[in-house]
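Trainee: Could we go through this structure together?
Mentor: Certainly. Please ask about one part at a time.
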Amino acid sequence: MDDVRRWQVPGRVNLIGEHLDHNGGAALPIAIDRSLLVKARRRTDGTVNVWSRGERASFPVETVPGDVSDWSAYPAGVVWALRESGVPVTGADLVLESTLPVGAGLSSSAALTCGVALALDDLAGAGRPREELARVAQRAENDYVGVPTGLMDQYAVLFAQEGHAVHLDFGVDPPSAEPVPADWGDDGLVLAVIDTGVHHELAAGEYAERRRECAAIASELELSALASIGLDGLLSLTDETAKARARHVLTESTRVRGAVTALRRRDWAQFGAMLTSSHESLRDDFAVSCEELDVAVDAALASEALGARMTGGGFGGSAIALMRPEQVDRLRARVEAAFADRSWAAPTVFTVRPSPAAALLP
């Protein structure tokens, strides 16, 4: 297979259900119409070459964790994880072209790892199911790069449908993925993304700390996963920080169920209220927001958005807002002014649509 194969891989926006994947809960992401293009050609000399944003990296297919530490650790991690799973990767030339902003909380890393996994599996003729490739991409980030991600991003990238959100349940193994119509466009609304320009680095420690906190709480309550906590369990906690973290998981799980119902009913006022309530919980109870995200959400609400929240792991990245198209320019002006008043770099505001999952292009 010496011809070049091309894979279009979307980014994602998580509508609601933040930090629930690694707690055995549910999430409601969409794939978006900003994406990564992976061009792949097979080699047989045991070398992988990767070109991205004017840079080139090379490494052998026998790479192991610790060999690569720059941006190319992500594709190198996929090669390692695929070979560990039994896929006979013999080498490849990979070219990555992206319209996804890096570090914006739109899952550029999952697009990269899932795209490379799909491409290399395709070149090897292995035909591994997408559930398995999602695990490969997660393992590349967890065990090679050292970022303790859950599975929500990979599943969003691999299982989304155009015009739909995907209701993911991580309380079962493998996780279930149910499409839910996301018809706000038919009702004259858009989903705006506010990229704050604060590039979060989940490997820096705060994300891992939240995971450790949640695992410790689940262990204390003798739960298999924190998302199964009930009100009695929450009230039994005495440490205020632990109680706050658990309260977010409990209430966010309820919000996901409410958001799915609101989407099905096209009840946009209720859906927007869920978004805003989710942000307040992430800010106050789970403590993963930051000043820039809070300012962006406040600007969206002041621009008469139906609801707004941070999206992604937090500590930077992007916020989202459900609003009418004519309000987007007002939001852009308001948030740019708010950032300028604080001497912050200007944010970027754009709209996204629910888009299809990663696919091989003709």
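Trainee: What do the buried residues of helix 10 pack against?
Mentor: The buried residues of helix 10 pack against strand 9, helix 9 (291-302), strand 11 (318-323) and strand 12. Packing here rests on contact, meaning heavy atoms within 4.5 Å. Helices (H or I, at least four residues) and strands (E, at least two) are DSSP runs, numbered from the N terminus. This is a predicted model in which local features need pLDDT of at least 70 and side-chain atom pairs count only at pLDDT 80 or more, while totals for chains, interfaces and linings use all residues. Residues are numbered from 1 along each chain as its sequence is written, and side-chain values use heavy atoms, with hydrogens and water left out.

Trainee: Which residues of helix 10 are buried?
Mentor: They are Val 328, Leu 331, Val 335, Ala 338 and Phe 339. Buried means under 20% relative accessible area, exposed over 50%, and partly exposed in between (1.4 Å probe, protein chains only).

Trainee: Why are they on the same side of helix 10?
Mentor: The buried residues cover an arc of only 95° around the axis, so they are on the same side of helix 10. The arc is that of the directions from the helix axis to the C-beta atoms. In general, an α-helix has 3.6 residues a turn, so residues three or four places apart point the same way.

Trainee: And which residues are exposed on the other side of helix 10?
Mentor: Asp 329 and Asp 341 are exposed there. Just after helix 10, Ser 343 has a positive phi of about 60°.

Trainee: Do tell me about other positive phi values. What is phi of His 19?
Mentor: It is near 65°, a positive value in a residue other than glycine. His 19 is in the loop between strand 1 (5-14) and strand 2 (26-27).

Trainee: Is His 19 buried or exposed?
Mentor: His 19 counts as buried, at 4% relative accessibility. Phe 315 also is not a glycine and has a positive phi of about 65°. Phe 315 is in the loop between strand 10 (307-311) and strand 11, and counts as partly exposed at 21% relative accessibility.

Trainee: Changing topic, where does Pro 174 lie?
Mentor: Pro 174 lies in the loop between strand 7 (164-169) and strand 8 (176-181). The peptide bond from Asp 173 to Pro 174 is cis, with omega near 5°.

Trainee: Now the pockets. How much space lies in the largest pocket?
Mentor: About 930 Å³. Of its 42 lining residues, the closest to the centre are Tyr 74, Val 102, Gly 103, Ser 108 and Ser 109. On a 1 Å grid over the protein atoms alone, a pocket is an open set of points where a 1.4 Å probe fits, with protein on both sides within 12 Å along at least five of seven lines, and lining residues have an atom within 4 Å of a point. Grid points are joined across faces, edges and corners, and the volume is the space filled by probe spheres set on the points.

Trainee: Which elements each supply at least two residues of that lining?
Mentor: Helix 1 (73-84), strand 6 (92-98), helix 2 (108-124), helix 3 (130-145) and helix 4 (152-159) do.

Trainee: Asp 153 is in helix 4. What does Asp 153 touch?
Mentor: Not counting residues up to four places away in sequence, Asp 153 touches Arg 12, Ser 107 and Ala 110. Asp 153 is buried, with a relative accessible area of 17%.
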